[in-house]
Amino acid sequence: MTEATDLAERAGDRDPRIGLRAVAALRRLLEQLEAVQVRSARNQGWSWQEIAAELGVSRQAVHKKYGRQ
Amino acid sequence: MFERFTRSAEDVVKGALDHADRAGSRRVESAHLLRALLDGEGSRGAFVLVALGVPERRASLERALDLSRRRAGLSGADSRALAELGIDVEAVVSRVEDVHGEGALADRPRPRSLFGPRRPFGKEAKDVLTRSLRIVTARGERRIGDEHLLLALTTHPGAVAEALADHGVTHASVERILYGEGEDRGQAKAG
């Protein structure tokens, strides 16, 4: 009985909706986290080049996303 | 689409722009549409909200929106899904806020030129507008009113619909006020 309940619960854990939702939520959280960290680095005088190197993206990519016009 | 908006729906869109301006948000989000709807008076949308007892619980509803905004716009269901992965959203938010200040993970304006375009609608808010048009079309109505924007807000899964549902505003409850019996029973009768 307990085993059956456990199994049912574990099957529930495999519900793709929960997993997919977690991925979407994580992406959203990640976007905001990135913005916070980039802003903070800029405030501390980091160059776009230095920020891009830490993020593992190109300088152009980071500047296009966060740079001033 | 906008040419089909009634005055009340126009007021919500304008009000949402003002709310986004005041909050310093980069885009107009569906939460701004909801805040503007809550400001409405004498419209069909306002009538629905009063009938569902929302004005008395407005502070609580706005707190729910504020909390979601602080959590990068995540809903309670989003936070629970992340908890399944062992990620405690509240812990992440409070650590980031400890270092970077309160509201650090809330949507912030992107540095822009003074003469840049007026802030655009976010993807979700745009989707709400599109859905309102679809609702009106499906019902064979012609004009989009603020009550249709409210209906559309309840159908878009996410933090806003969740906050609304927690305060008794669901697609079913709004339809019941607007159209009486509700779609399901109407169909059951017809069948």
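These exercises walk through a predicted model, one chain at a time.

**Exercise 1.** Determine how many helices and strands chain A has, and how they follow one another.

*Solution.*
Step 1. Count the elements: chain A has four helices and zero strands.
Step 2. Read along the sequence: the pattern is α-α-α-α.

**Exercise 2.** Find what percentage of the residues of chain A count as buried.

*Solution.*
Step 1. Take the chain length: chain A has 69 residues.
Step 2. Apply the cut-off: a residue is buried if 20 or more other C-beta atoms lie within 10 Å of its own.
Step 3. Read the result: 12% of the residues of chain A count as buried.

**Exercise 3.** Describe the helices, burial and contacts of chain B.

*Solution.*
Step 1. Count the elements: chain B has 11 helices and zero strands.
Step 2. Write the pattern along the sequence: α-α-α-α-α-α-α-α-α-α-α.
Step 3. Turn to burial: of the 191 residues in chain B, 39% are buried.
Step 4. Take the contacts in chain B between residues at least 6 apart in sequence: 67% of these join residues at least 24 apart.

**Exercise 4.** Locate Ala72(B), give its phi, and decide whether it is buried or exposed.

*Solution.*
Step 1. Place the residue: Ala72(B) sits in the loop between α4 (58–70) and α5 (76–84) of chain B.
Step 2. Check the backbone: Ala72(B) has a positive phi of about 60 degrees, although it is not a glycine.
Step 3. Count neighbours: 26 other C-beta atoms lie within 10 Å of Ala72(B).
Step 4. Compare with the cut-off of 20 or more. Ala72(B) is therefore buried.

Conventions
Residues are numbered from 1 along each chain as its sequence is written. Chains are lettered from A and ligands numbered from 1 in the order in which they are written. This is a predicted model: local features need pLDDT of at least 70, side-chain atom pairs count only at pLDDT 80 or more; totals for chains, interfaces and linings use all residues. Helices (H or I, at least four residues) and strands (E, at least two) are DSSP runs, numbered from the N terminus. Two residues are in contact if their C-beta atoms, placed from the backbone, lie within 7 Å.
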